[in-house]
Amino acid sequence: MTRVGLHDYVTDPLLTQKDGANLAHENIARLLKLYSTPEIEVRFHDFMRLLRDERYAYQTLSDLDCVVSNVGPHAHYYFWLRERLGLSFRIVRDVRTAIWSSYLLQEHLCQPLLRRDDTLLFASQYTWDIYSQMFPHLPNYPGAICYPLTVCFPKTRPKRSYHKQRPEGVPITLGYLGRLSDDKNFPDIIELLIHLNRNSENRYRLIACGEVHSPNCDPDCVRAQLQDALGRDDCFKYYPPRRNNEIWSFLSNVDILLFPSTSNLETLGRVLVEASYARIPVVSGDHAAAAELVTPTGLCPVQYDTRRIFSAHQDHNMGSVSVANMAAAVTAHSLRSSDCYDRYKEHPADFMKLLIEVPQTMHEEVVDRRAPLLDRLVVDLPAPLERQRSMELIGECVSWFIALQSRHSREHGQRSLDLLKLSRYPERTQRYLAKSSITAGDFTNIGGIDIELCHIVGFYPEFWIVADSTEGKNKRILKDYP
């Protein structure tokens, strides 16, 4: 019997939208509640209480065989507790963003505390490749491509017909699901909509659902742009964020899903697997894991920006997909939905198995080539830490973590002021504090406290993209990021 412990992760209900990372942690908690097995005994615990109450932490963790770090980019706290309390459980942690300070900090702090059987889970081969490139020690430890997202999919798979069979005069519906933001290249979708309605015999409309993240993606701005370019805005409709179990009704109205994201955060594109399950074809940039999830006729080349140094503390679009290439893919009669769902439907069972058996440290060959970005990417990370220094830094973060989560305490107010003074990005810190004041202010706001604690450690990675794989990767360029 393998005794497994984890936090019962539930996203703060006051947050307006759950991103893929939130959903991933909820999926794992649900999986371990629904799928019992004689080989595994599951015990849920309170993550915050572990950090506040050492006696509770010891009683909770001391006889566990495995702990699943199901709390966002905070796995290092489990490593710290294991060392501090002299315990022996194995830790299974995950990666939910690619080049982003909080998950990079997690690996930076965990590295000197890793033990032989600690396992890192990736959403895609791309994510495994990029982390192995950034952290060369990782191939020496167990890893697996495992994302049990299908545990929450509807039992009946939707049936679809491709848009070329539609009745004459009915517009083709393009869909977008996710954050309306610059790093997801949402403005390029609006340019595509304008191009298609100017240059195609077919009529096209766009329906978009998600949280508005960038000012120029605000629906009112989009409508004004369409009015200016086309003289009408009835080809666009916006829907506020929906619960994940409600997205299927939205997808049922979509003929082609658009995903031109070139975000540095991208590790998978959960919506691409959801589109596969709903039998919807996708047009995407050839970025991150898209080649693993999208049919070749739906992939468009990405033009990466080689003129900038980016801060990993922010989200960025690292390049763009041309409107002409997207339009060609949208209008191609060979466009079909992907079968990538067939791979991910096995992941719930795979996840249960890896809790019992340590997986082999080897890549799953999903595509026969590396993602185009990998050979041109440079990420500037600090030198690895010694064990004692890692323990000191994590211990310091624990005190901040507890204080900033305790919204009604006197210490919370003082720590908030101190955080603003320390912050290299005070505007972002101010937004975090403001959001915390109108929500539960907890760690399920990924991109909140996890990013802010980088200021405590002084952790500010940067990255850039060289012009081609033969260019010297040590070359630095003009720093130009917001």
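This is a walk through several helices and strands of the structure above, which is a predicted model.

Let's begin where two helices meet. Helix 4, residues 76-85, and helix 15, residues 387-405, have axes that come within 10 Å and cross at roughly 115°. That angle makes helix 4 roughly perpendicular to helix 15. The crossing is left-handed. If you would like to find the contact in your viewer, look on helix 4 for H76, Y77, W80, E83 and R84, which meet R387, M391, I394, G395, C397, V398 and F401 of helix 15. Sorted by class, this contact has 7 nonpolar, 2 polar and 3 charged residues.

From there, move along to helix 5, residues 101-110. Here 10 of the 10 residues are buried, so the helix is mostly covered. The buried set runs S101, S102, Y103, L104, L105, Q106, E107, H108, L109 and C110, and charged E107 is therefore under 20% relative accessible area.

Helix 5 also helps to cover another helix, namely helix 6. Helix 6 spans residues 125-134, and 9 of its 10 residues are buried, so it is largely enclosed by the rest of the structure. Those buried residues are Q125, Y126, T127, W128, D129, I130, Y131, S132 and M134. What lies over them? Besides helix 5, the cover includes strand 5 (119-122), strand 6 (143-145), helix 11 (290-293) and strand 16 (377-380).

Two members of that cover are worth a visit, and helix 11 can come first. A290 lies in this helix and is buried, with a relative accessible area of 2%. Leaving aside neighbours within four places in sequence, A290 is in contact with L272, S284, G285 and L299. You can also compare A290 with P260: they are 30 residues apart in sequence, and their C-alpha atoms are 9.7 Å apart in space.

The other member, strand 16, leads us to strand 17. The two strands run antiparallel and are joined by 4 bridges, with V379 standing opposite F463 of strand 17. Strand 17 also pairs with strand 14, residues 309-311, in the antiparallel sense over 3 bridges. In that pairing, S311 stands opposite E462 of strand 17. Which way do the residues of strand 17 (462-465) point? E462 and W464 point one way, F463 and I465 point the other way, and all are buried.

Strand 4, residues 90-94, offers a similar exercise for your viewer. Of its 5 residues, 5 are buried, and the strand is mostly covered. R90, V92 and D94 point one way from strand 4, while I91 and R93 point the other way. The partner to look for is strand 3, residues 66-68, which pairs with strand 4 in the parallel sense over 3 bridges. Within this pair, V67 stands opposite I91.

Our last stop is helix 17, residues 426-438, where T429 is found. Is T429 buried or exposed? Its relative accessible area is 0%, so T429 is buried. Not counting residues up to four places away in sequence, T429 touches L419, L420, S423, E452 and H455.

How values were computed: Residues numbered from 1 in each chain as written. Predicted model: local features only at pLDDT ≥ 70, side-chain atom pairs only at ≥ 80, totals over all residues. Heavy atoms only, no water. Axes fitted to C-alpha atoms, helices over the stretch in contact; angles between N-to-C directions. Parallel < 35°, antiparallel > 145°, perpendicular 65-115°, else oblique. Left-handed = near helix turned anticlockwise from the far one by under 90°. Contact = heavy atoms within 4.5 Å. Nonpolar A, V, L, I, M, F, W, Y, C, P; charged D, E, K, R; others polar. Buried < 20%, exposed > 50% of the residue type's maximum accessible area, 1.4 Å probe, protein only. Pairing = 2+ DSSP bridges.
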